[in-house]
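Colleague: I'm new to reading protein models, and I'd love to walk through one with you. Could you show it to me first?

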Amino acid sequence: TLRDMLKQFYEKALPSQGIYCVGASINNRMKHHFAKTLDEAITTIEKLKDDGYDLFMAMGTFKGFSRKAADCLYLRSFFIDLDCGEEKHAKGEGYLTQRDGASAIFAAADKIGWPRPLLVNSGNGVHAYWPLERTISHGTWVKIAVAFKAALAHLQVKADPTRTADFSS
């Protein structure tokens, strides 16, 4: 089922401790929904999806019911957002197709010696995730994510620069 697939993915990509945050947007209005367990977060996702919301799961967990950087505790993956489509490609901000984006990130991962990521179709692009074997602190994650972002820029990967080192995405 979709629930089982979400749970399997999130168990690999998210920390197992802390408060989870589901972001929900409709009519250009964003609201955050917090959950104490992964099962509760997935139930929230299912309900909001049925109600027509655009959704995202913050990849960090928090010490309370706030999505501020100061409240982020842990992360368990690195990730990037690759925009795709004619408009983004024409501006030099993305790839023409999702296949082009996936090929670019696989080539970059090979060059920097990272494993091939898990890919998720984001609708108009590709999200790539590198789950870690264990949870790391927000501070440690930020240091690595900033270096990773610089490596991707050096390799001319057209990743959305606002997401690569943003734990709350």
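Colleague: Which residues does Asp83 touch, not counting residues up to four places away in sequence?

Modeller: Happy to help, and please keep in mind that this is a predicted model. Asp83 is part of strand S5. Leaving out residues up to four places away in sequence, its contacts are Lys88, Glu93, Gly94, Tyr95, Asn124, Gly125 and Asp160.

Colleague: Does Asp83 count as buried or exposed?

Modeller: Let's use the cut-off: a residue is called buried when its relative accessible area is under 20%. Asp83 has 18% relative accessibility, so the label for Asp83 is buried.

Colleague: What is the relative accessible area of Phe62?

Modeller: Phe62 sits in strand S4, which runs over residues 60-62. Phe62 is also buried. Its relative accessible area is 0%.

Colleague: How far apart are the C-alpha atoms of Phe62 and Thr97?

Modeller: Along the chain, Phe62 and Thr97 are 35 residues apart. In space, their C-alpha atoms are separated by 35 Å.

Colleague: Now for helix H4: what distance does it reach from its first C-alpha to its last?

Modeller: H4 covers residues 98-112, which makes 15 residues. At 1.5 Å a residue, the expected value is 21 Å. The model comes close to that, with a reach of 21 Å.

Colleague: Why do the buried residues of H4 lie on the same side?

Modeller: The buried residues in H4 are Gly101, Ala102, Ala104, Ile105, Ala108 and Ala109. They are on the same side of H4 because the arc they cover around the axis is only 160°. In general, an α-helix has 3.6 residues a turn, so residues three or four places apart point the same way. For H4, then, the value to remember is an arc of 160°.

Colleague: Which residues are exposed on the other side of H4?

Modeller: The buried residues of H4 are covered by elements including S5, S6, S7 and helix H5. On the other side of H4, the exposed residues are Arg99 and Lys111.

Colleague: Where is the centre of the largest pocket, or rather, which residues lie nearest its centre?

Modeller: This pocket holds about 1,200 Å³ of space. Its lining has 34 residues, which divide into 16 nonpolar, 9 polar and 9 charged. Elements giving two or more residues to the lining include helix H1, helix H2 and strand S3. Nearest the centre are Leu55, Phe56, Met57, Ser122 and His127.

Technical notes
Residues are numbered from 1 along each chain as its sequence is written. This is a predicted model: local features need pLDDT of at least 70, side-chain atom pairs count only at pLDDT 80 or more; totals for chains, interfaces and linings use all residues. Side-chain values use heavy atoms; hydrogens and water are left out. On a 1 Å grid over the protein atoms alone, a cavity is a set of points where a 1.4 Å probe fits but cannot get out, and a pocket is an open set with protein on both sides within 12 Å along at least five of seven lines; lining residues have an atom within 4 Å of a point. Grid points are joined across faces, edges and corners, and a volume is the space filled by probe spheres set on the points. Helices (H or I, at least four residues) and strands (E, at least two) are DSSP runs, numbered from the N terminus. Ala, Val, Leu, Ile, Met, Phe, Trp, Tyr, Cys and Pro count as nonpolar, Asp, Glu, Lys and Arg as charged, and the others, Gly among them, as polar. The expected span of a helix is 1.5 Å times one less than its number of residues. Buried means under 20% relative accessible area, exposed over 50%, partly exposed in between (1.4 Å probe, protein chains only). The arc is that of the directions from the helix axis to the C-beta atoms. Contact means heavy atoms within 4.5 Å.
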